[in-house]
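Welcome! Please take a moment to turn the structure around on your screen, and then read on for a short guided tour.

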Amino acid sequence: MTVFTDRLRLEPVSAESAADLGLVVCDPEVWPWYSERCPTRADVEELATGMGESWTRHGVHKWLAYDRSSGDVIGRGGLSRTPVDDDWAQVYRFLPPDDWVSVSYDEPEPYVAHANWLELGWALRRRFWGRGYAAEIGRAGLAFAFERLAVSAVVSCTTRHNRRSRAVMERIGMRYAGEVRSRGLVEGERTERDDAPFATCVLLRDEWSV
Ligand SMILES: CC(C)(COP(=O)(O)OP(=O)(O)OC[C@H]1O[C@@H](n2cnc3c(N)ncnc32)[C@H](O)[C@@H]1OP(=O)(O)O)[C@@H](O)C(=O)NCCC(=O)NCCS
């Protein structure tokens, strides 16, 4: 499941890569976009273990991105199956009115997930922003989703005011579809709300071009 791009080696996250994952998710410019406090070591280990389990049972989850030459940990990103729940059901209106949209993946562990569309995301250690690595991870994710997993759509969501993440979505050819509401941050506030707005981009397999 290792994928190579021009500059990166993308390795599935597993329990064994918790320390490398920690370099990304505990970066002081990264974690505030995901939670109200920096993840603890136990949080990171649980996260890495969960991602590894998803790779095993769902056939996909996030990669750790390493510099192909130096081996530096650059970031984490890629795909994951979206849970079948009320939050993600808000995305149905951005997808075609077809049965495949709400079908569940055969394996119900570690969570019941959609079978035919995936979420795509990215996070880089601060020192590696501004070099195109997130877009490189994003394009690799789209290729993996449509060529290897043959899903019908990929979606990407980010807090409304996360301009850098929204720019990555546009850079890799995803199209803005609208907003959903979920627990998260609102611009200018430090504590999460249940109804924070998330910008959502979509790409259907038919719309994808390398
Ligand atoms: C979101 C995030 C991954 C975006 O990172 P980024 O560095 O802005 O995005 P990219 O890696 O695609 O880099 C794009 C920039 O690199 C520049 N660049 C430099 N060399 C480049 C190259 N060889 N190829 C492509 N772009 C290059 C681009 O011009 C662009 O510059 P700009 O931002 O001034 O327009 C990063 O800000 C981050 O980790 N944020 C914290 C976590 C987060 O918010 N994650 C998303 C939550 S949904």
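## A first stop: D20

With 17 C-beta neighbours inside 10 Å, D20 counts as partly exposed, because being buried would take 20 or more such neighbours and being exposed 12 or fewer. Before going further, please keep in mind that this is a predicted model.

You can find D20 in helix α1, which covers residues 18-25. Leaving aside residues up to four places away in sequence, D20 touches L64 and V73. Along the sequence, D20 and L64 are 44 residues apart, yet their C-alpha atoms are 7.8 Å apart in space.

## The helix around D20

Which residues of α1 are buried? They are A18, L21, G22, V24 and V25. Looking down the axis of α1, you would see these buried residues fall within an arc of 160 degrees, so they line one face of the helix.

That buried side has company from several parts of the chain. The elements covering the buried residues of α1 include helix α2 (41-58) and the strands β3, β4 (73-83) and β5.

## The chain as a whole

Now let us step back. The chain contains five helices and eight strands. Followed along the sequence, these elements give the pattern β-β-α-α-β-β-α-β-α-β-α-β-β.

How does the overall size fit the chain length? For 210 residues, a compact globule would have a radius of gyration near 17 Å, and the value of 16 Å for the chain agrees with this. Along the principal axes, the C-alpha atoms fill a box of roughly 45 × 40 × 35 Å. Buried residues make up 35% of the 210 residues in the chain. Among contacts with a separation of 6 or more, 67% link residues that are 24 or more positions apart.

## One open sheet

The strands come together in an open sheet of eight, in the order β1-β2-β3-β4-β5-β6-β8-β7, with mixed pairing. Its edge strands are β1 and β7, each of which pairs on one side only.

Let us start at the β1 edge. Strand β1 (residues 3-4) runs antiparallel to β2 (residues 8-12), and two bridges connect them. Between β1 and β2 there is a hairpin of three residues, and V3 has L10 in β2 as its bridge partner. On the next step, β2 pairs with β3 (residues 62-67), again in the antiparallel sense, over five bridges. Here P12 is matched with W63 in β3. At the other edge, β7 and β8 form an antiparallel pair over eight bridges, and E179 stands opposite A199 in β8.

## Around the ligand

What surrounds the ligand in this model? There are 19 residues around the ligand, and W129, G132, A134, A135 and T158 come nearest. By type, the shell divides into 10 nonpolar, six polar and three charged residues.

Where do the shell residues come from? Strand β5 (113-124) and the helices α4 (133-148) and α5 (163-171) each supply at least two of them.

## A closer look at α5

Helix α5 deserves a visit of its own. Its buried residues include S165, V168 and M169. Viewed down the axis of α5, the buried residues fall within an arc of 100 degrees, so they line one face of the helix. Turned away from that buried side is a face with the exposed residues R163, A167 and E170. Among the elements that cover the buried residues of α5 are β5, α4, β6 (153-159) and β8 (193-204).

## Just past the helix: G173

Our last stop is G173, which comes just after α5 and takes a positive phi of about 90 degrees. G173 sits in the loop between α5 and β7 (175-184).

Is G173 buried, exposed or partly exposed? It counts as partly exposed, because it has 16 C-beta neighbours inside 10 Å. Finally, try locating W100 as well: G173 and W100 are 73 residues apart in sequence, and their C-alpha atoms are 23 Å apart in space.

Technical notes. Residues are numbered from 1 along each chain as its sequence is written. This is a predicted model: local features need pLDDT of at least 70, side-chain atom pairs count only at pLDDT 80 or more; totals for chains, interfaces and linings use all residues. Two strands pair if DSSP finds at least two bridges between them. Helices (H or I, at least four residues) and strands (E, at least two) are DSSP runs, numbered from the N terminus. A residue is near a molecule or strand if its C-beta atom, placed from the backbone, lies within 6 Å of it. Ala, Val, Leu, Ile, Met, Phe, Trp, Tyr, Cys and Pro count as nonpolar, Asp, Glu, Lys and Arg as charged, and the others, Gly among them, as polar. The radius of gyration is taken over C-alpha atoms; the globule rule is 2.2 Å times the number of residues to the power 0.38. Two residues are in contact if their C-beta atoms, placed from the backbone, lie within 7 Å. The arc is that of the directions from the helix axis to the C-beta atoms.
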